[in-house]
Amino acid sequence: MTTSYIALDWGSTNLRAFLYQQGKCTAQAQSERGITRLNGTTPQQVFSEIIAPWQSLNLPVIMAGMIGSNAGWVDVPYLAAPVSLDALGEHLLAVEPALPVKAWIVPGICIDRDDNCNVMRGEETQLAGAFTECPASLYLMPGTHSKWVEAEGSLVRDFRTAMTGELHHLLMNHSLIGKGLPEQQPAADVFRLALETGYSHPEITGRLFEIRAAHVLNRLDKTAVSDWLSGLLIGSEVAQMLGHFGRHHHITVIGNPQLTERYAQALALAGIHWQALDGDQAFQSGIRSIVNAMDH
């Protein structure tokens, strides 16, 4: 069993590297050169720089995330769902040309149906870790593009994506809703009320302009617009996704604790049992299971 290796979580905006020796993470490194921020360098150059302190160890490198997309280093084919997470380690793509060490990229997962067209890169590795750490029948991975993944054991059956985080950013920064606002402040009560509104009335398109009107008419504090919009969007997302996947599931929420807590409030509002798993822990556990699958 391989217990010493380097793992790279290489997304659109950031790159994180983890050194594993005898099964333990002994060092970490980070770079802001995600695939959209290479700034004139090539992925191979960034790769060589990030692993340089550990290159003499001659360890295998496993990479996951957008580095395997058509905008990344190598366009690694998706595995089509339904698919077992065990297959990830059996379909790694070796990176060529020759590098100072052997390196592979984890494939993503796709759904290509008339009723659902979806892709994921990087989340599949966290799913593999979550299956080991906190197995569930439905996984929620909140973020810029939240993923909701239906599974049966290690089999990924279906998944959907909600652009909640990106919508929040766009509406706050590039629409009338956020225009001319002061610095935003945390407003837990405002978030909770908006969460209840979005959950109870998930078709929120007709409610968005009301956010602008509410702070113009002094019914909403101008410093709390961000939390109101966040609650409205998250409440709507959770209601719609539970409507699609059903409310009978046991859910694992994977991500950073701050964002996980916001979604946990929505799930509690819906009366859904859930458990949380830190995103870094899920990624590292997933890479470990993928490396183990390589040995078989």
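P82 is found in the loop between β5 (79-80) and β6 (83-84), where strands (E, at least two residues) and helices (H or I, at least four residues) are DSSP runs numbered from the N terminus. The peptide bond that joins A81 and P82 is cis, with omega at about 5°. The structure is a predicted model, in which local features need pLDDT of at least 70 and side-chain atom pairs count only at pLDDT 80 or more, while totals for chains, interfaces and linings use all residues. Residues are numbered from 1 along each chain as its sequence is written, and side-chain values use heavy atoms, with hydrogens and water left out.

Strands of a sheet pair through backbone hydrogen bonds, either parallel or antiparallel. In this model, an open sheet of 6 strands follows the order β3-β2-β1-β4-β8-β7 and has mixed pairing, two strands being taken as paired if DSSP finds at least two bridges between them. The edges of this sheet are formed by β3 (24-31) and β7 (93-94), and because each has a single partner strand, one side of each is left without a neighbour in the sheet. Strands β1 (residues 5-10) and β2 (residues 15-21) run antiparallel and are joined by 6 bridges; the bridge partner of I6 in β2 is L19. In the loop between β2 and β3 is Q22, a residue other than glycine whose phi is nevertheless positive, near 50°.

Helix α1 (residues 43-51) lies across β1, β2, β3, β4 (61-64) and β8 (103-105), and runs at about 130° to β1. For this angle, axes are lines fitted to C-alpha atoms, for helices over the stretch in contact, and angles run from 0 to 180 degrees between N-to-C directions.

The domain assignment of the protein chain gives domain 1 (5-134 + 283-295) and domain 2 (162-277), with bounds that come from an automatic or database assignment. The contact between them (heavy atoms within 4.5 Å) takes 5 residues from domain 1 and 5 residues from domain 2. The centres of the two domains, taken over C-alpha atoms, are separated by 31 Å. Between them the domains bury about 390 Å², of which 77% is on carbon and sulfur atoms; buried area is the accessible area (1.4 Å probe) that two parts lose on being put together, summed over both. Of the area that domain 1 buries against domain 2, Q126, A130 and C134 supply 83%, more than any other three residues. The count of salt bridges between domain 1 and domain 2 is 0, a salt bridge being a side-chain nitrogen of Lys or Arg within 4 Å of a carboxyl oxygen of Asp or Glu.
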